[in-house]
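Work through these exercises with the sequence and the 3D structure open. Try each task before you read its solution.

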Amino acid sequence: MGRMSTPQSGILALGTASHAYLEFDVGSGEDGRDLVGAIAALREPRTTMGGVNLVAGFRPELWRQVAPDDTPGDAAGFNEDLTGVDGFAMPATQHDAVLWLSGSAYDVIFDAARDAIAALAGIAAVAEETSSWPYRHDRDLTGFIDGTENPSLIDAPEIALIPDGSPGAGGTILLLQKWAHDAVAWESLPVARQEEVMGRTKLDSVELADKASDSHVASTDQERFGEIFRRNMPYGTVTDHGTMFVGFSSEQRRLSAMLESMAGLAGGARDALTRYTRPFTGAYYFVPSTDSLRRIDPAGSEAG
Ligand code: HEM
């Protein structure tokens, strides 16, 4: 049997040069269900407008309020800081909803983002905004190729999407986490040491045969934690920049287990990469299928 639920297509739309991530909080005195309704309403006509991909996600507890039977049972927000070993922590900065816009150039993203913000005004406001752009085709701002062990687009749906027949079918769990790089400390390392930290070579991303157990790729080993689909992007300015981690999985546990491992809580050492990069946001969003969004009426209740 083929898949019946249609995912939000921007999740899988590769090759876009410009990105914006807008995280929203519901205003005091407003009802979160109205935000779900307003986002469901704004998606449809705009999904392909001006060549902009629009992906919408919701704080899992908020989506559950609106569509309890269409939410994975264990989906939950990033509601508490993740405290790792030797004082390392990943802050919880959960918001109510996220819009991820991607397209060919920043001008169309800019206009579409402003339209979306205007359409949601009165219910919710932007709490966190990040814009992103590719660096040297497929590298992150450490200079390493990011995405080598990502599944191909053939395999990504199987890995990222909740299967038909399960609550939330065609949806996915998104971990959005903004990591600032300590560029001075990182760039003072010899390339051979950077490669030990990552567990892969810098020029061509070959996995090291004798990679250290605290290397980043050992800390996030997908054979151990399960596979995920990453759409990471560089963000920031020349003086203040890093990696927007954008990871999708059909099971939230894969993502949270990787974070615990990176923080040194999975029986191994803390990920060496966390000595040169620091997360300062962290949120999980449920990204429903387009079918699920279509079932939401603008008043924010599930039409059935
Ligand atoms: C500053 C933040 C981060 C940077 C710069 C970064 C960069 C990289 C790089 C360069 C690789 C090796 C090439 C590849 O396979 O893509 C990699 C692998 C990977 N990263 Fe990250 N990453 C970051 C954060 C994270 C986080 C927060 C997670 C999980 C929640 C994660 C999950 C993975 C996974 C699953 C792999 C592949 C591991 C395998 O070989 O099975 N990364 N990352």
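**Exercise 1. Place Leu-62 in this predicted model: which helix holds Leu-62, and is Leu-62 buried or exposed?**

Step 1. Find the element. Leu-62 lies in helix α2, which spans residues 60–66.

Step 2. Count neighbours. There are 21 other C-beta atoms within 10 Å of Leu-62. The cut-off for buried is 20 or more. Leu-62 is therefore buried.

Step 3. Look for contacts beyond four places in sequence. Leu-62 touches Gly-32, Val-36 and Asp-96.

Step 4. Compare chain and space. Leu-62 and Gly-32 are 30 residues apart along the chain. Their C-alpha atoms are separated by 6.7 Å.

**Exercise 2. Do the same for Phe-144: where does Phe-144 lie, and which residues does Phe-144 touch?**

Step 1. Find the place. Phe-144 sits in the loop between β6 and α4 (156–160).

Step 2. Count neighbours. Phe-144 has 20 C-beta neighbours inside 10 Å, so Phe-144 counts as buried.

Step 3. List the contacts, leaving out residues up to four places away in sequence. They are Arg-139, Met-198, Arg-200, Lys-202 and Ser-205.

Step 4. Check a residue further along. Asp-240 is 96 residues from Phe-144 in sequence. From C-alpha to C-alpha, the two are 18 Å apart.

**Exercise 3. Stay in the loop between β6 and α4, and examine Arg-136 and His-137. What is the sign of phi at each residue?**

Step 1. Read the angle at Arg-136. Phi is positive, about 45°, although Arg-136 is not a glycine.

Step 2. Read the angle at His-137. Phi is positive here too, about 70°, and His-137 is not a glycine either.

Step 3. Test for burial. Arg-136 has 10 C-beta neighbours inside 10 Å, so Arg-136 counts as exposed. His-137 has 6 such neighbours and also counts as exposed.

**Exercise 4. Describe how strand β1 is paired and covered: how many of the residues of β1 are buried?**

Step 1. Check burial. In β1 (residues 18–26), 8 of the 9 residues are buried.

Step 2. Find one partner. β1 and β5 (residues 97–103) run antiparallel and are joined by 7 bridges. Tyr-21 has Trp-100 as its bridge partner in β5.

Step 3. Find another partner. β6 (residues 124–132) runs antiparallel to β1, with 8 bridges between them. The bridge partner of His-19 in β6 is Ser-132.

**Exercise 5. Find the buried face of α6: which residues of α6 are buried?**

Step 1. List them. Gln-194, Val-197 and Met-198 are the buried residues of α6 (residues 191–198).

Step 2. Look down the axis. The buried residues of α6 fall within an arc of 90°, so they line one face of the helix.

Step 3. Turn to the other side. Ala-192 and Arg-193 are exposed on the face turned away from the buried side.

Step 4. Ask what covers the buried residues of α6. The cover includes α7 (216–219).

Step 5. Look just past the helix. Gly-199 takes a positive phi of about 90°.

**Exercise 6. Repeat the analysis for α9: which residues of α9 are buried?**

Step 1. List them. In α9 (residues 252–262), they are Arg-254, Leu-255, Met-258, Leu-259, Ser-261 and Met-262.

Step 2. Look down the axis. The arc is 160°, so the buried residues of α9 line one face of the helix.

Step 3. Find the cover. Among the covering elements are β7 (172–181), α8 (222–225) and β10.

Step 4. Follow one of these elements. β10 (residues 241–249) runs antiparallel to β9 (residues 233–236), with 4 bridges joining them. The two strands form a hairpin with 4 residues between them. Met-233 stands opposite Met-244 in β10.

**Exercise 7. Describe the shell around the ligand: which residues come nearest?**

Step 1. Pick out the nearest of the 27 residues. They are Thr-148, Glu-149, Trp-179, Thr-220 and Gln-222.

Step 2. Assign elements. β7, α7, β10 and α9 each give two or more residues to the shell.

Step 3. Sort by class. The shell has 11 nonpolar, 11 polar and 5 charged residues.

Notes:
Residues numbered from 1 in each chain as written. Predicted model: local features only at pLDDT ≥ 70, side-chain atom pairs only at ≥ 80, totals over all residues. Buried ≥ 20, exposed ≤ 12 C-beta atoms within 10 Å, placed from the backbone. Arc of directions from axis to C-beta. Contact = placed C-beta atoms within 7 Å. Pairing = 2+ DSSP bridges. Near = placed C-beta within 6 Å. Nonpolar A, V, L, I, M, F, W, Y, C, P; charged D, E, K, R; others polar.
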